[in-house]
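Subject: Structure for you to look at

Hello,

Here is the structure I promised to pass on. Please open it alongside these notes, which go through what turned up.

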Amino acid sequence: MTWFRAIASVAKVGGRRALSQGRWSVSRARVFPSQNREFHATIFKSKAQAAPVPRPVPLSRLTDSFLDGTSSVYLEELQRAWEADPNSVDESWDNFFRNFVGQASTSPGISGQTIQESMRLLLLVRAYQVNGHMKAKLDPLGLEERTIPDDLNLELYGFSEADLDREFFLGVWRMSGFLSENRPVQTLRNILTRLEQAYCGSIGYEYMHIADRDKCNWLRDRIETPTPMQYNRERRQVMLDRLIWSTQFENFLATKWTTAKRFGLEGCETLIPGMKEMFDRSADLGVESIVIGMPHRGRLNVLGNVVRKPLRQIFSEFSGGTRPTDEVGLYTGTGDVKYHLGTSYDRPTRGGKRIHLSLVANPSHLEAVDPVVIGKTRAKQYYSNDENRTKNMAVLLHGDGSFAGQGVVYETLHLSALPNYTTGGTIHIVVNNQVAFTTDPRSGRSSQYCTDVAKALDAPIFHVNGDDLEAVVHACELAAEWRQTFHSDVVVDIVCYRRFGHNEIDEPSFTQPKMYQIIRNHPSTLEIYKQNILKTGQVSQEDIDAMQKKVNTILNEEFEASKDYVPQRRDWLSAYWAGFKSPEQLSRIRNTGVKPEILKNVGKAITTLPENFKPHKAVKRVYDQRAQMIETGEGIDWAVGEALAFATLLVEGNHVRLSGQDVERGTFSHRHSVLHDQVTGEQYCPLDHVMMNQNEEMFTVSNSSLSEFGVLGFELGYSMENPNSLVLWEAQFGDFSNGAQVIFDQFLSSGESKWLRQTGLVVLLPHGYDGQGPEHSSARLERFLQMSDDNPFVIPEMESTLRKQIQECNWQVVNVTTPANYFHVLRRQIHREFRKPLIVMSPKNLLRHKDCKSNLSEFDDVEGHPGFDKQGTRFKRLIKDKNDHSDHEPSIRRLVLCSGKVYYELDELRQEAGHADVAICRVEQLCPFPYKPHPAGVEEIPKCGDCLVSRRANEHGGIQLHSSTPLYCYEISWPR
């Protein structure tokens with residue numbers, strides 16, 4: 001590529017200057033409909049005379065041709081220097097002169113060729129590699145009009161029609177593709193024909209933006225083939241059968257449910273055979289599992305024909321479905337529309353292998369599922385020891401409008417090469433309808449293509465005409481090969497159309513009358529391919545009729561079977577989730593305390609640094625203090641409590657992953673989980689060394705990109721794969737979490753109810769009015785409580801053998817005030833038989849508060865220690881007053897209920913005022929509300945004069961809570 005760029009930089013400017021000065025008679029490029037583009041269309045002046053044989057001309061005299069005078073003098077000087085000493089010029093110029101100087105004159109038939117002509121010809125080849133896609137026949141409707149770039153104009157390079165049958169010496173170059181063959185002499189017509197076939201057919205390739213020469217050469221080897229791609233009879237029959245299934249599935253649904261919304265695939269039926277061939281090729285290359293994310297368009301077709309969800313189940317869902325009755329504790333939730341649902345199945349491939357396919361459920365928010373799929377794929381790679389990231393792959397389907405318009409697409413793309421987020425490449429398939437709902441592309445994006453955003457990641461982009469089945473299959477197979485070879489993202493842009501409106505009962509002619517006039521008369525892809533394959537003689541009409549009859553018979557049989565179909569199993573549980581309880585099954589409460597010797601051992605491990613490691617002196621002082629805390633068992637602060645929770649879960653065999661912006665050090669410089677040697681720059685993470693020979697990824701703490709939506713979605717997907725992992729995302733400040741509001745609203749708060757998918761994801765939201773301004777103060781606790789489904793007017797069952805309050809809520813919201821309680825709430829996420837999201841209103845000033853300390857005895861499971869009560873050692877949803885009041889204290893005049901850091905301020909005021917008759921209780925868990933602790937914490941103070949609730953700052957930012965008795969209806973304001 002070096003010599004190409006060198007020539008381009010010198011020659012291209014001169015060529016354009018010549019054009020601007022009128023030195024050549026070249027008319028302006030015309031606009032051609034996409035279906036009529038041929039290479040001769042760019043030759044603007046017909047010349048019938050015989051081709052003249054040009055005489056060699058000194059370079060310095062070429063001021064009126066392709067090069068200006070300055071450039072040609074420079075080239076002549078380069079040539080003289082090379083003739084004197086080949087080592088005196090760059091290797092690329094050495095290669096150039098070795099191929100052309102002297103060799104052209106000794107080759108028969110090309111004695112008149114000059115170096116300048118050779119250079120122009122090479123630039124023409126490069127122009128097709130760069131801009132050939134602009135001339136490709138991509139639009140099946142022929143509506144799109146594009147200006148063909150001047151770079152594809154023969155006359156720009158000094159050639160005319162008279163030169164088409166001249167032979168030119170191309171040389172034998174050390175590069176791939178068009179110039180790699182051992183055919184140094186070819187006619188210009190043959191060269192152009194091959195360039196047109198390679199770059200201007202039904203596939204338009206964009207890859208010359210990629211800086212890596214090896215990648216470009218790899219693609220050229222597969223694009224610039226001597227003859228176009230041809231499939232044999234067997235392959236064509238398979239593709240035809242798959243296209244028939246795709247087409248007749250949509251026709252069947254349209255016939256049986258004429259008014260139902262199904263967001264069909266009509267107009268892009270080739271997606272199904274394309275995906276199936278992609279998956280077959282991926283399986284041949286070592287892929288064992290694929291995670292799929294996609295919008296609603298075509299989802300039912302993908303579910304039935306690609307993932308192999310039983311057709312009778314799909315048809316049953318159209319008819320309303322039947323609630324399963326044969327499984328105890330089966331949870332059905334609220335449900336969702338059928339074109340949002342996911343599933344997973346194993347399916348055989350054409351090559352005789354089996355591949356596991358998972359289609360992730362998603363909301364109507366287009367592209368929101370993208371990071372979820374990537375996170376789930378990364379988790380699969382961890383749990384299957386897929387270190388090379390070749391066995392588990394992500395495939396994302398997009399719409400043209402959403403791929404260009406939704407910011408989360410870019411956020412997800414930018415995770416692709418980050419060490420703790422990469423999945424070894426994602427295949428992106430764009431179902432390009434050429435219209436987004438009712439919006440035309442000119443109003444939906446500023447770029448030429450909807451896929452241009454992917455160029456930022458050096459991803460190759462294959463634009464393909466959706467009406468050309470074999471081209472779609474070829475592009476999909478090429479994408480699979482790229483992903484498995486280079487482990488990076490690749491895009492297949494299927495340019496198609498939408499036969500109906502946004503949904504089947506929408507009228508698209510209101511806004512796109514011209515397009516839909518053409519669509520109404522446009523043959524289906526199946527009709528086009530049937531005609532093409534019949535012409536080859538490889539398949540007869542009888543063969544096609546038999547295929548179609550077989551498909552129709554199966555569809556009708558499945559429809560009849562759907563009338564009596566009853567789901568037999570919980571689809572929401574994968575193998576890792578076997579034995580976990582649904583919200584309708586009672587789960588026992590487990591203690592979260594740890595044996596004292598384990599706490600001491602892991603405490604030593606997480607506070608010990610290598611002898612030769614030289615951390616920052618301030619960090620060294622922090623770790624010395626932590627070691628002292630473990631040694632004395634006193635003064636455990638927030639960071640040590642968190643590290644102990646992580647370490648004890650690790651020794652129990654659980655995977656722990658913490659990510660977010662600046663989490664390695666911590667926004668407030670409190671965590672210091674990754675240390676940096678001040679001399680060598682080497683990094684050391686103590687939690688990676690809790691056990692001997694610990695898997696380096698078993699504990700992962702990673703600073704993320706500056707993204708909330710993308711990264712939180714990634715961690716959500718990661719947490720959904722395996723329940724035996726503690727996955728945490730921490731916002732830099734709690735205020736910034738609203739950048740991921742779609743994940744909170746559509747996935748985290750409602751995913752279990754809609755899609756029967758559990759997750760134990762922990763969200764840490766630092767907050768508090770500590771003088772850092774309005775954007776660094778509030779995590780908007782009230783929003784999370786408003787999204788909670790904890791019913792304030794219904795007191796749940798509190799009998800221990802029947803209690804399911806926390807299982808039936810949609811998530812947990814806590815505002816913890818001690819390191820020990822933080823330790824226990826994190827461990828509680830793992831030590832239970834179900835999973836539930838946890839929102840932690842984490843503190844800022846409590847990280848170093850002198851009174852916000854715990855003793856090590858509060859972390860253990862020893863009876864009689866401060867943290868142990870009649871229920872054992874576990875998270876305390878409500879903490880009673882610390883002043884050792886008896887259960888029936890007669891002198892308590894006032895009971896104050898509060899939540900969060902305000903407790904320490906109230907306690908300080910109480911001590912200053914000497915009010916021993918005031919009791920302060922902390923509500924640590926706000927959702928679901930802790931009704932059970934009230935008898936011990938509130939109602940056992942019968943002579944309490946009144947009950948107050950602490951208020952601070954903004955009264956409109958408060959949260960309304962209701963206690964277990966009608967006497968206590970109180971409002972707790974968010975402590976600022």
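**Cysteines**

Cys-450 is buried, at a relative accessible area of 2%. The model is a predicted one. The cysteine sulfur closest to that of Cys-450 belongs to Cys-496, 10.0 Å away, which is too far for a bond. Cys-268 is buried as well, with a relative accessible area of 0%. A search of the whole structure gives zero disulfides. Cys-268 is therefore in none, although the sulfur of Cys-496 lies 3.6 Å from its own, and a disulfide needs the two sulfur atoms within 2.5 Å.

**The chain overall**

The chain has 976 residues, and 60% of them count as buried. Its secondary structure amounts to 30 helices and 27 strands. Take the contacts with a separation of 6 or more: 79% of them join residues 24 or more positions apart. The exposed surface is about 39400 Å². Carbon and sulfur atoms supply 49% of that surface.

**The seven-stranded sheet**

One open sheet has seven strands with mixed pairing. Their order is β16-β13-β17-β18-β20-β19-β24. The edges are β16 (699-703) and β24 (925-927), each of which pairs on one side only. Neighbouring strands here are turned by 20° against each other on average, direction ignored.

At the β24 edge, the partner is β19 (residues 812-814). The two are antiparallel and share two bridges. Val-814 sits opposite Gln-925 of β24.

A helix also lies across this part of the model. α22 (residues 638-651) crosses β13 (655-660), β16, β17 (725-730) and β18 (762-764). It runs at about 140° to β13.

**Strand β6**

Is β6 enclosed or open to the outside? Five of the five residues of β6 (residues 289-293) are buried, so the strand is largely enclosed by the rest of the structure. In a regular strand, side chains alternate between the two faces of the sheet. In β6, Ser-289, Val-291 and Gly-293 point one way. Ile-290 and Ile-292 point the other way. Both sets are buried.

β6 has parallel partners. Four bridges join it to β8 (residues 354-359), where His-356 stands opposite Ser-289. Five bridges join β6 to β9 (residues 392-399). There, Ala-394 is the bridge partner of Val-291.

**Arg-350**

Arg-350 is in the loop between β7 (343-348) and β8. With 34% relative accessibility, it counts as partly exposed. Which residues does Arg-350 touch, not counting those up to four places away in sequence? They are Arg-235, Val-238, Arg-242, Glu-277, Asp-280 and Glu-477. Arg-235 is 115 residues away along the chain, yet its C-alpha is 9.9 Å from that of Arg-350.

**Helices worth a look**

α8 spans residues 233-256 and includes Thr-247. Thr-247 is buried, with a relative accessible area of 6%. Leaving aside neighbours within four places in sequence, Thr-247 contacts Glu-269 and Leu-526.

α6 (residues 188-199) has 12 residues. From first C-alpha to last it reaches 16 Å, close to the 16 Å expected at 1.5 Å a residue. Its buried residues are Leu-188, Ile-191, Leu-192, Arg-194, Leu-195, Glu-196, Ala-198 and Tyr-199. An α-helix has 3.6 residues a turn, so residues three or four places apart point the same way. Keep that in mind when you view the buried set, which includes Leu-188, Ile-191 and Leu-195.

α29 (residues 902-913) has 12 residues too. It reaches 17 Å from first C-alpha to last, close to the 16 Å expected. Val-902, Tyr-903, Tyr-904, Asp-907 and Arg-910 are buried in α29. What do the buried residues of α29 pack against? They pack against β22 (894-898) and β23 (918-923). Gly-914 follows α29, and its phi is positive, near 70°.

Best wishes

Notes:
Residues are numbered from 1 along each chain as its sequence is written. This is a predicted model: local features need pLDDT of at least 70, side-chain atom pairs count only at pLDDT 80 or more; totals for chains, interfaces and linings use all residues. Side-chain values use heavy atoms; hydrogens and water are left out. Buried means under 20% relative accessible area, exposed over 50%, partly exposed in between (1.4 Å probe, protein chains only). Contact means heavy atoms within 4.5 Å. Accessible areas come from the Shrake-Rupley method with a 1.4 Å probe; for residues, only the protein chains shown count as cover. Two strands pair if DSSP finds at least two bridges between them. Axes are lines fitted to C-alpha atoms, for helices over the stretch in contact, and angles run from 0 to 180 degrees between N-to-C directions. The expected span of a helix is 1.5 Å times one less than its number of residues.
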